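Trainee: I would like to go through the terms used for this model and see what each rests on.
Mentor: Then ask about them one at a time.
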Amino acid sequence: MADILPGLPHTDTDPSLDLHWSAHALELALQADYATSPNPMVGAVVLDSSGTLVGEGFHHRAGDPHAEQQALTAAGDRALGGTLYVNLEPCASHRSPSCADAIIDAGLRRVVISMLDPDQRVRGAGIAKLRAAGIDTVVGIHEERALRLNEFYVKHRLTGRPFVSAKFAMSLDGKIATRSGESRWITSEESRLHGHRLRHIHDAILVGVNTVMVDDPQLTTRLEGVAAARQPLRVVVDSQLRLRMSARVVGPNTLIAATRAGRMGAAEVVKFPATTDGRVALQPLLDELGRRGILSLLVEGGSTVHASFVSEGLVDKIYAYVAPSLIGGREAPSPLGGTGVEHLAEAVRLRELDATRLGADLLITGYVDVHRDS
Ligand SMILES: NC(=O)c1ccc[n+]([C@@H]2O[C@H](COP(=O)([O-])OP(=O)(O)OC[C@H]3O[C@@H](n4cnc5c(N)ncnc54)[C@H](OP(=O)(O)O)[C@@H]3O)[C@@H](O)[C@H]2O)c1
């Protein structure tokens, strides 16, 4: 058991202790570093009846023991009469014994849970089981943090579709390439490294066929010092299969979304319905990715693809890398092409903005508020 914290006095009436240990469970959960997909990231802590930490654990990846099972195993008999902290509602049935059963069997007196599990196989059943067994069960401590931590999982379980992040790198005057189409590299090495980190945490990356034609990206995750960087599924929207076989993205672990059947080397070609302008319909594509257990999709452009995703209200979060340079030119593209909105009141607004310095650049992030001013 790593990093055992010293025991703290334990009473049911001190909310600061619940905040402390729930936060610790969240920190444990994050140690999985998104490798649990399609499962959520979960951490659990067991205190004995005197409030001393006697067990902790986190879910490492799908198929491995759940966090509660690990913390209970570490605690052994010392769990009797104690308290368990966990950032997600314990499962109730899809495992034998379920985590709720294991908690009951261990004789815990109290369970503190940050958020309900949105998975329809749980959704309150774990809590109901604990309460029916007479366990004092508290829900909602650090709920916002817990929801954020597992935002990919929550979106997928509630909608059947992946959480969609849209990422672009632009000059200060809002250009993602020069008028001749050159875009390498607008931003600094620090920003590009951060971009690889984004690829690492997402299950899939998507680009438009024009970006592949111009930039010939590999769309792989390259992170120094991370031996086993996760390689996301590569997705290219290419209605008419215009891609060249020699493109670096054509290979295993690539899905080419088209509006007609065909073959493209070792890549998988999947036919989707067409929009009225003959392009790949994005909502059926997201449904299919969701069915495949893809919790998160990183859309990397170009401007035509970003415009489609944004105008259809399909983006959840924006990552804008802004370089301190000026490119200029009417012909140079901006992050969102398409026709755009006519009136300012129709503009898509971002909330929960954040800004970080990355070398000489700024990274601005925000969540998309789909509710527009009326
Ligand atoms: N700085 C950055 O962050 C960044 C990132 C990426 C790209 N770029 C630059 O952006 C430029 C390419 O952007 P682009 O706007 O020309 O092309 P794009 O967005 O990469 O690709 C657009 C093409 O994708 C296909 N597509 C299929 N379904 C679609 C749908 N539902 N919605 C939209 N497109 C769909 C269409 O071609 P079909 O109809 O033939 O299928 C469409 O013309 C390049 O210069 C590249 O270097 C910059």
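Trainee: What makes the pair formed by a nitrogen atom of the ligand and Ile-176 a polar contact?
Mentor: A polar contact is a pair of N or O atoms within 3.5 Å. The ligand nitrogen is 3.0 Å from a polar backbone atom of Ile-176, so the pair meets that cut-off. A ligand oxygen is 3.3 Å from a polar backbone atom of Gly-181, and a backbone N or O atom of Val-305 lies 3.0 Å from an oxygen atom of the ligand.

Trainee: How much of the ligand does the protein cover?
Mentor: The protein covers 88% of the 930 Å² of accessible area that the ligand has on its own, by the Shrake-Rupley method with a 1.4 Å probe.

Trainee: Which element gives the most to the shell around the ligand?
Mentor: H8 does, with five residues. Helices are DSSP runs of H or I with at least four residues, and strands are runs of E with at least two, numbered from the N terminus.

Trainee: How do you know how far to trust the model?
Mentor: The model is predicted, with local features needing pLDDT of at least 70 and side-chain atom pairs pLDDT 80 or more, while totals for chains, interfaces and linings use all residues. Residues are numbered from 1 along each chain as its sequence is written, and side-chain values use heavy atoms, without hydrogens and water. pLDDT is the predictor's confidence in each residue, from 0 to 100; the protein averages 92, but residues 1-11 stay under 50.

Technical notes:
Contact means heavy atoms within 4.5 Å. A polar contact is a pair of N or O atoms within 3.5 Å; within protein, one must be able to donate a hydrogen and the other to accept it, and residues adjacent in sequence count only if both atoms are side-chain atoms.
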